[in-house]
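Student: I have a model open and some labels to check. Can we go through the reasoning behind them?

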Amino acid sequence: MEDMLCPICGLEGKKVKIKTVKSLVKKDVRESNLYQICLNSKCKIVYFNNPESIYYSLSDLNVKVWFKDVSDENVPICYCSNLTRKEIKEAVSKGYTTIPKIRNYTGKNITGNCLTENPTGRCCHQALNKEIEKYSNKNHKSNCCS
Ligand SMILES: [Zn+2]
């Protein structure tokens, strides 16, 4: 069970495929099926492999990680088509509030390369919806003290 926990923040990770790690880490990656991704937005570790004492942080990757670089507007949410947070925000402000409408508006339609483009190796669908929701609710939240 300890093998599943991020060595830095101690939170549970999620399994990622070696193919994903290899395509996104700038260094040579050792073959192994024991890589996990740290999902903690405040932790700098992206991939870890505790049994083999390997870990990679944000600076070891050739992409930014949308749920860790949370304040960076140029981070892609959809990695396959490089659809960024900023573009989603803009599309939502113009009234495009569904994924197909946003893809159509931005012209960022490429999908299906998640395994090698997205740091989680998974589809961006859920993350896209979260961003859309975040910007759709912005007016309510801007009254707050932040
Ligand atoms: Zn961590």
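## Labels and their reasons

Tutor: Start with Asp60, in a model that is predicted. Its relative accessibility is 12%, so Asp60 counts as buried.

Student: What makes 12% count as buried for Asp60?

Tutor: Buried means under 20% relative accessible area. Asp60 has 12%, so the label holds.

Student: Why is Lys27 called partly exposed?

Tutor: Partly exposed lies between the 20% and 50% cut-offs. Lys27 has a relative accessible area of 48%, so Lys27 is partly exposed.

Student: How do you know that Asp60 and Lys27 form a salt bridge?

Tutor: The cut-off is 4 Å between a side-chain nitrogen of Lys or Arg and a carboxyl oxygen of Asp or Glu. In this pair, the closest N and O atoms are 3.0 Å apart. That qualifies as a salt bridge.

Student: What does the pair Asp60 and Lys27 tie together?

Tutor: Asp60 is in the loop between strands E4 (54-57) and E5 (76-78), while Lys27 is in the loop between helix H1 (18-24) and E2, so parts 33 residues apart in sequence are tied together.

Student: How many salt bridges does a search of the whole structure find?

Tutor: Nine. Another of them joins Asp72 and Lys64, with the closest N and O atoms 2.7 Å apart. Asp72 is at 18% relative accessibility, so Asp72 counts as buried. Lys64 has 42%, so Lys64 is partly exposed.

Student: What makes Arg85 and Glu131 a salt bridge?

Tutor: Their closest N and O atoms are 3.2 Å apart, and the cut-off is 4 Å. Arg85 sits in helix H2 (residues 85-93) and Glu131 in helix H5 (residues 125-136), so this pair ties together parts 46 residues apart in sequence.

Student: Are Arg85 and Glu131 buried or exposed?

Tutor: Arg85 is at 2% relative accessibility, so Arg85 counts as buried. Glu131 is at 6%, so Glu131 counts as buried too. Shared salt-bridge partners join Arg85, Glu131 and Lys134 into one network.

Student: Now the metal. Which residues coordinate the zinc ion?

Tutor: Cys6, Cys9, Cys38 and Cys43, each through SG, at 2.3 to 2.4 Å. The donor cut-off here is 2.8 Å. Along the chain, the donors follow the spacing C-x2-C-x28-C-x4-C.

Student: Why is the arrangement around the zinc ion called tetrahedral?

Tutor: Four donors count as tetrahedral if all angles lie between 85 and 135 degrees. Here the four donor atoms subtend angles of 103 to 117°, so the arrangement is tetrahedral.

Terms used:
Residues numbered from 1 in each chain as written. Predicted model: local features only at pLDDT ≥ 70, side-chain atom pairs only at ≥ 80, totals over all residues. Heavy atoms only, no water. Donors = N, O, S within 2.8 Å, 3.2 Å for Na, K, Ca; no water. Tetrahedral: all angles 85-135°; square planar, octahedral: opposite > 155°, others 65-115°. Helix = DSSP H or I, 4+ residues; strand = E, 2+ residues; numbered from the N terminus. Buried < 20%, exposed > 50% of the residue type's maximum accessible area, 1.4 Å probe, protein only.
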